[in-house]
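The questions below take up the structure shown here, going from its overall layout to single residues.

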Amino acid sequence: MRRSLIFLVLLFGIVSCNAPASKEEKRTYKIGYMICNSEQETLHRFKPLTAYLGKKLGAHFEMMAIDTTDFTKQVDSLDFTHTNSLLYIMMSRNQGVEILTAEKSGSLGARAKGIIISLKKRGIGNVRELKGKSMVFGPMLGPTSYMAQLDLLLKSGIDPESDLSFYAIPPGSYKHEKVIYGVLFGKFDAGAAPLLDFERMVSEDRIDKNDFTVVAEGDPIPYCNFAVTQKVDDGFAKRFKEVLLNIKKDDTVEIDGQVVKVLERANVDGYEDIRNSDFDVVRDMAKRTNMPPYQRY
Amino acid sequence: MDWLDRISIWAIVILIISSFALISGHVGEARPERHLQQRVITADHPAAQSEMENNLKLVKNLMEANNLDQSETLIKELIQKFPYEAAPHMLMGDVHMRRQDPVRAVLEYKEAVGFNPDYLDKKTPLFQGKKLKVAVGEALAEIDKGLRRNPSDESLKNKRKVIYFLQRKIAGSCS
């Protein structure tokens with residue numbers, strides 16, 4: 001009888017030993033996605049990828065579409081970031097964000113290039129000939145829609161503030177397309193666009209490549225990327241990275257009752273490993289063009 | 001020894017092993033209550049704390065809008081008012097980084113970490129270790145550049161000692 005009692009007490013002890021972690025609520029991780037064309041487009045593209053990450057990692061992810069100019073204000077409330085290379089170097093320096101993976105898309109894979117385009121009929125052959133001409137740029141914090149082209153202009157001795165007849169940045173969403181159409185319809189002599197967007201519009205037959213001259217091309221720099229903020233556990237960040245690196249073209253996830261191909265919806269060819277030092281080319285460009293995070297006042 | 005004795009012995013062994021596993025697995029873990037900010041604040045009064053927090057928020061907004069001079073003025077006021085508070089020093093470091101002066105930034109970061117070591121403890125929400133690591137790297141590069149120009153510059157050598165001190169603290173922090 002006594003032995004049975006001891007046995008029951010011990011059994012009760014074992015059964016009631018729950019790990020504390022199981023009592024804690026599952027943490028929600030926030031991923032901030034930089035708005036590329038529009039908020040709606042960004043959420044549409046990355047909703048399946050976010051769900052896929054949640055499924056693979058057994059965690060709950062919340063996605064937020066954030067404007068480029070607001071990103072650094074909101075980064076402290078995020079766990080993971082998906083941004084361009086300029087925003088990454090800003091957050092890396094000012095908020096301790098660390099790189100995880102680079103995104104592959106288009107002919108340059110995980111690299112991107114900024115180009116200056118003009119209509120062939122305008123007869124502009126090189127950057128120096130842009131002096132006195134009008135130009136349209138993409139978003140200011142776009143490394144291949146503003147910074148790379150500014151770098152090209154400055155290297156050729158053209159200061160946009162004083163040497164162009166005027167320049168503009170289109171308002172609202174889909175700025176890269178607006179730049180290209182702005183040049184096509186003759187509103188500006190030249191435009192600053194990412195090579196990827198130009199190629200995409202050509203492949204979709206929205207523009208004819210033969211109408212344009214590529215006046216100059218910037219150096220290849222890392223394309224969009226995923227990074228992690230300093231508050232996230234290193235082990236979890238590593239698992240997050242591994243899931244991204246292992247996503248295959250045919251991987252799917254169920255979203256709103258539909259089975260969706262994750263990469264196809266995100267308009268991405270895959271993810272590859274990248275080091276922080278690979279962004280030094282962007283850092284040098286930011287220093288040359290007096291852009292953040294190296295801006296001098 | 002009958003079957004019940006054997007089961008009891010096994011149960012005791014399992015209980016001991018699982019207790020050890022649980023204890024060793026959670027040693028050093030932050031308790032959920034540590035989500036609350038562990039700040040060293042001189043003023044215990046809630047009104048003073050709220051004033052401090054509002055001002056810190058304002059400084060951050062000013063900094064994001066590139067109003068560095070105004071940020072600096074406000075931070076200096078806060079340092080005078082709350083001399084043992086870490087956060088204004090951390091923000092002053094941020095201002096210096098944005099002014100491309102990583103050496104001065106690291107000196108301020110060192111003050112901040114001195115007042116509140118949680119800035120180097122990854123288990124707290126205040127953790128800033130990775131940001132500080134970037135600043136230390138840039139500051140050391142800057143000092144090296146200066147020392148190459150003037151190898152006998154004692155002021156730079158003294159600053160380097162402070163930077164090395166912070167570097168050691170970061171290397172030994174819970175990150």
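**Domains, cores and helices**

Q: How far apart do the C-alpha centres of domain 1 of chain A and domain 2 of chain A lie?
A: This is a predicted model, in which local features need pLDDT of at least 70, side-chain atom pairs count only at pLDDT 80 or more, and totals for chains, interfaces and linings use all residues. Residues are numbered from 1 along each chain as its sequence is written, while chains are lettered from A and ligands numbered from 1 in the order in which they are written. The domain assignment of chain A, with bounds from an automatic or database source, gives domain 1 (27-105 + 223-276) and domain 2 (114-218). Between the C-alpha centres of domain 1 of chain A and domain 2 of chain A the distance is 29 Å.

Q: How many polar residues are there on the side of domain 1 of chain A that touches domain 2 of chain A?
A: The contact (C-beta atoms, placed from the backbone, within 7 Å) takes nine residues from domain 1 of chain A and eight residues from domain 2 of chain A. Here Ala, Val, Leu, Ile, Met, Phe, Trp, Tyr, Cys and Pro count as nonpolar, Asp, Glu, Lys and Arg as charged, and the others, Gly among them, as polar. On the side of domain 1 of chain A that touches domain 2 of chain A there are two nonpolar residues, no charged ones, and, for the class asked about, seven polar.

Q: Where does the largest nonpolar core lie with respect to domain 1 and domain 2 of chain A?
A: A nonpolar core is a set of buried Ala, Val, Leu, Ile, Met, Phe, Trp, Tyr and Cys residues joined through C-beta atoms within 7 Å; a residue is buried if 20 or more other C-beta atoms lie within 10 Å of its own, exposed if 12 or fewer, and partly exposed in between, with C-beta atoms placed from the backbone. Of the 77 residues in the largest core, Leu86(A), Ile117(A) and Ala190(A) touch the most other members. Domain 1 and domain 2 of chain A both give residues to this core, so it lies between them.

Q: What is the radius of gyration of chain A?
A: Chain A has twelve helices and 15 strands (DSSP runs numbered from the N terminus, helices being H or I of at least four residues and strands E of at least two). Its C-alpha trace spans about 105 × 45 × 30 Å along the principal axes. The globule rule, 2.2 Å times the number of residues to the power 0.38, is set against a radius of gyration taken over C-alpha atoms. Chain A is more spread out than a compact globule, because the rule gives 19 Å for 297 residues, and the radius of gyration is well over this, at 24 Å.

Q: Which helix of chain A packs against the buried residues of α4 of chain B?
A: Helix α4 (residues 87-98) of chain B reaches 17 Å from its first C-alpha to its last, close to the 16 Å expected, the expected span being 1.5 Å times one less than the number of residues. Twelve of the twelve residues of α4(B) are buried, among them Leu91(B), which also belongs to a second, separate core of 34 residues. In chain B the partners of the buried residues of α4(B) are α2 (46-64), α3 (68-81), α5 (102-115) and α6 (129-149), and in chain A the partner is α5 (85-95).

**Single residues**

Q: Is Ile274(A) buried or exposed?
A: Ile274(A) lies in the loop between β15 (270-273) and α12 (280-288) of chain A. Leaving aside neighbours within four places in sequence, Ile274(A) is in contact with residues including Ile99(A), Ala110(A) and Pro222(A), and the C-alpha atoms of Ile274(A) and Pro222(A), 52 residues apart along the chain, are separated by 8.6 Å. Because Ile274(A) has 22 C-beta neighbours inside 10 Å, this residue counts as buried.

Q: What is the phi of Gln100(B)?
A: Gln100(B) is found in the loop between α4 and α5 of chain B. With 15 C-beta neighbours inside 10 Å, Gln100(B) counts as partly exposed. Most residues other than glycine have a negative phi. For Gln100(B), a residue other than glycine, phi is positive, near 60°.

Q: What is the omega of the peptide bond from Pro292(A) to Pro293(A)?
A: Pro293(A) lies in the segment after α12 of chain A. The peptide bond from Pro292(A) to Pro293(A) is cis, with omega near 10°.

Methods:
Two residues are in contact if their C-beta atoms, placed from the backbone, lie within 7 Å.
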